[in-house]
Amino acid sequence: MTTRWVGTSWKMHKTLAESVTYAQGLVAALRDEPGEYAGVQPFVIPSHTALASVDEALGPARDRPAGLLLGAQDAHWEDAGAWTGEVSVPQVADAGAQVIEIGHSERREHFADSIERTAWKVRAALRHGLMPLLCVGEPDAVQRAGGSREHVLDQARGALDGLSSDELDSVLIAYEPVWAIGEHGRTPHTAEIDGPLQSLQGEFGDRVQAVLYGGSVNAGNAVELLALGTVEGLFVGRAAWSLSGYLELLRLAAD
Ligand code: PGA
């Protein structure tokens, strides 16, 4: 049985109460109807402020249905220090995070997360036993110029080269073309994304935990995306911000 990873980042959304309600409903659904979600590896990535509360709402990590994982949207590369406004990997781990999202295009664009910084953050996550979820993806202009494959390989190599095979084994890669992400994003044709996915699979597929696709994923295209031989899971924003939306995607991904 192949495992399909299906996760969601809530980005800068949800109050504590909303986060906890979602988390409680998710655990209940996964526990009540395990057959509906067979073969799926779910993960949720709340805001930093909600991490500890969601961790508590999900219950002890070892007892979570479907091996549900909790993630943080980012963390600094240093363990501690004079970095006002930042949070460290040990801090998000202390709040319950098991996965760290690194290099999302919004971080790269607005918060100067360079390839070098993503490499540092990947190493910080691994140093503390957390799973890095490295996001890579090309902007619109690069895609139009035909440079998608090279762009995502540069980002992935820059962040991952030099890691041991054991370290790579706990890395997730999410291919998320910038032009497909968010409310101004364009829903991709599978032909547009298969090339970069093939490149990532060709170089990293056997060595990392999984290669996921993200960017305008919804209940209408999830099955087609998962049918691509290059896609081992989905990383979802808007379509999974409601619990019912996320559960529907989990069911579509299930065996
Ligand atoms: P979207 O976001 O699903 O809302 O397009 C995806 C992402 O940013 O990971």
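**Salt bridges and a buried isoleucine**

A search of the whole structure, which is a predicted model, turns up 11 salt bridges. The idea behind them is simple: side chains of opposite charge can pair when their charged atoms come close. Three of these pairs are worth walking through one by one.

Take Lys11 and Glu106 to begin with. Their closest N and O atoms sit 2.8 Å apart, and the two residues form a salt bridge. Lys11 lies in the loop between strand 1 (4–9) and helix 1 (16–32), while Glu106 belongs to helix 4 (residues 105–110), so this pair ties together parts that are 95 residues apart in sequence. How open are the two partners? Lys11 has a relative accessible area of 18%; buried means under 20%, so Lys11 counts as buried. Glu106, on the other hand, is partly exposed, with a value of 28%.

Helix 4 turns up again in the next pair. Here Asp74 forms a salt bridge with Arg107, and the gap between the closest N and O atoms is 3.4 Å. Asp74 comes from the loop between strand 3 (69–72) and helix 3 (89–94), and Arg107 from helix 4, so the bridge ties together parts that are 33 residues apart in sequence. Asp74 is buried, at just 6% relative accessibility.

The loop between strand 3 and helix 3 also holds Asp79. This residue pairs with Arg127 in a salt bridge whose closest N and O atoms are 2.9 Å apart. Arg127 is in helix 5 (residues 115–127), and the pair links distant parts of the chain, 48 residues apart. Both ends are partly exposed: Asp79 has a relative accessibility of 33%, and Arg127 comes in at 47%. Some salt bridges also share partners, and in this way Asp74, Arg107, Asp113 and Lys121 are joined into one network.

Away from the charged pairs, what surrounds Ile173? This residue is part of strand 6 (residues 172–175), and with a relative accessibility of 0% it counts as buried. Leaving aside residues up to four places away in sequence, Ile173 touches Leu134, Val136, Leu160, Leu200, Phe204, Val208, Ala210, Val211 and Leu212. As for Glu232, its C-alpha lies 10.0 Å from the C-alpha of Ile173, and the two residues are 59 residues apart in sequence.

How values were computed. Residues are numbered from 1 along each chain as its sequence is written. This is a predicted model: local features need pLDDT of at least 70, side-chain atom pairs count only at pLDDT 80 or more; totals for chains, interfaces and linings use all residues. Side-chain values use heavy atoms; hydrogens and water are left out. A salt bridge is a side-chain nitrogen of Lys or Arg within 4 Å of a carboxyl oxygen of Asp or Glu. Helices (H or I, at least four residues) and strands (E, at least two) are DSSP runs, numbered from the N terminus. Buried means under 20% relative accessible area, exposed over 50%, partly exposed in between (1.4 Å probe, protein chains only). Contact means heavy atoms within 4.5 Å.
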